[in-house]
Amino acid sequence: MIEDEILRLLKEDPSAFVSGGEVSRLLKLSRTAIWKRVRNLRTLGYVIEALPRMGYRLIQSPDLLLPSEIDPLLRTEWMGKKVHYFNSVDSTNSTAYQLALDGAKEGEVVIGESQEKGRGRLGRQWVSPPFLNLYLSVVLRPKIPPYQASLITFMAAVATAETIERHSGLTPSIKWPNDLLLREKKVAGLLNEIHSETDRIHFIILGMGVNLNMDAKEFPKDIRTQATSLKAEKGRAVSRKAFAALLLEELERWYEIFLKEGGTPVLKAWRDRAQIQGKEVRVTSFDEVRIGRAVDVDSDGALILETRGGERKRIVAGDVEYTNKMSNVKEQSSKKF
Ligand code: BTN
């Protein structure tokens with residue numbers, strides 16, 4: 001993206017002017033073409049000074065998720081070193097999936113400032129307005145059997161929870177399988193998609209949606225009581241680019257822990273945050289509703305439910321609603337979130 005290249009040049013020495021001729025020579029575009037791109041950057045909120053015979057100087061940057069904004073904050077070895085950035089995209093997961101089919105490497109990331117068809121779990125829509133939140137998908141190529149893929153989801157839930165905590169000081173909890181809650185309202189969700197053979201994973205797309213700077217009134221009415229954002233919880237806006245960089249750092253860290261040590265540390269961290277054991281729950285799985293007591297999650301991430309009749313069931317997919325007084329989470333909308 002040319003605009004991103006221009007920003008990189010302007011950021012090399014933020015106090016200096018870069019001449020139009022120099023930018024045009026380095027990017028192999030006419031001065032007029034560069035001028036038009038600078039104009040685009042200004043409409044995005046960049047304050048760029050332009051002086052005759054001096055050139056361009058970057059005065060102020062908005063909180064966008066362009067690679068040139070995230071890169072300087074990124075402290076990873078390999079995760080997120082290549083970011084595919086879109087102003088608007090159907091779904092970052094669908095885009096990352098296609099890129100992975102075309103050979104994208106492990107750690108490549110897709111970020112959209114907005115999604116036109118943001119997807120949630122179980123065929124739901126993910127509300128994705130522009131410039132407010134984070135919609136990010138990562139390509140992973142773990143050498144693990146497909147039955148362990150759900151542990152990657154647990155790993156991502158832990159990494160996202162730790163990012164929220166490090167970035168905001170707030171302590172999120174995890175609701176099975178991978179909703180992140182603050183004061184019992186959903187602040188983030190994960191959608192992981194797998195491409196595999198029977199015994200080999202080709203790739204996993206790890207999709208994360210985190211509500212960062214949406215105001216409570218900006219959520220659609222039907223999910224307003226069940227959804228929140230970091231801004232709504234903290235009472236002030238957070239830096240989206242700093243959050244994105246931190247999330248990539250936590251993902252790299254937890255993914256490497258998982259590859260080296262297996263699922264045990266991931267499940268331990270997940271259980272500490274989920275505190276699901278013993279809770280009375282109503283579980284909807286493939287249109288079937290079961291009520292009982294959550295016993296634990298097993299080593300593959302399935303929920304173990306003890307029904308009222310004392311029978312133990314293993315639930316691999318579905319939605320959980322807490323039903324005891326300790327926790328009064330409202331039923332998840334089945335349409336929008
Ligand atoms: C859920 O809780 O239902 C999962 C929501 C996942 C949303 C994210 S936003 C980035 C990525 N792209 C998508 O279309 N979905 C995921």
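## Exercises on a sheet, its helices and two spaces

Helix α5 (residues 92-101) lies across β3, β4, β5 (134-140), β8 and β9 (201-210), and runs at about 155° to β9. Here helices (H or I, at least four residues) and strands (E, at least two) are DSSP runs, numbered from the N terminus. Axes are lines fitted to C-alpha atoms, for helices over the stretch in contact, and angles run from 0 to 180 degrees between N-to-C directions; contact means heavy atoms within 4.5 Å.

The model is predicted: local features need pLDDT of at least 70 and side-chain atom pairs count only at pLDDT 80 or more, while totals for chains, interfaces and linings use all residues. Residues are numbered from 1 along each chain as its sequence is written, and side-chain values use heavy atoms, leaving out hydrogens and water.

**Exercise 1.** Work out the order of the seven strands in the open sheet.

*Solution.* Step one: read across the sheet, and you get β3-β4-β5-β9-β8-β7-β6, with mixed pairing. Two strands pair if DSSP finds at least two bridges between them. Step two: look at the edges, where β3 (83-86) and β6 (173-175) each have a single partner strand, so one side of each is left without a neighbour in the sheet. Step three: check the twist; neighbouring strands are turned by 20° against each other on average, direction ignored.

**Exercise 2.** Find how β3 and β4 pair.

*Solution.* First, β3 and β4 (residues 109-112) run in the parallel sense over four bridges. Next, pick out His84, whose bridge partner in β4 is Val110. Then add helix α8 (residues 240-261), which packs on the sheet and touches β4, β5 and β9.

**Exercise 3.** Describe the largest pocket and the largest cavity.

*Solution.* Start with the terms: on a 1 Å grid over the protein atoms alone, a cavity is a set of points where a 1.4 Å probe fits but cannot get out, and a pocket is an open set with protein on both sides within 12 Å along at least five of seven lines; lining residues have an atom within 4 Å of a point. Grid points are joined across faces, edges and corners, and a volume is the space filled by probe spheres set on the points.

Now the pocket: its volume is about 780 Å³, and 36 residues line it, with Arg121 among those nearest its centre. β8 gives the most to this lining, five residues.

Last, the cavity: its volume is about 200 Å³, and 22 residues line it, including Trp126. β8 supplies the largest share here too, with four residues.
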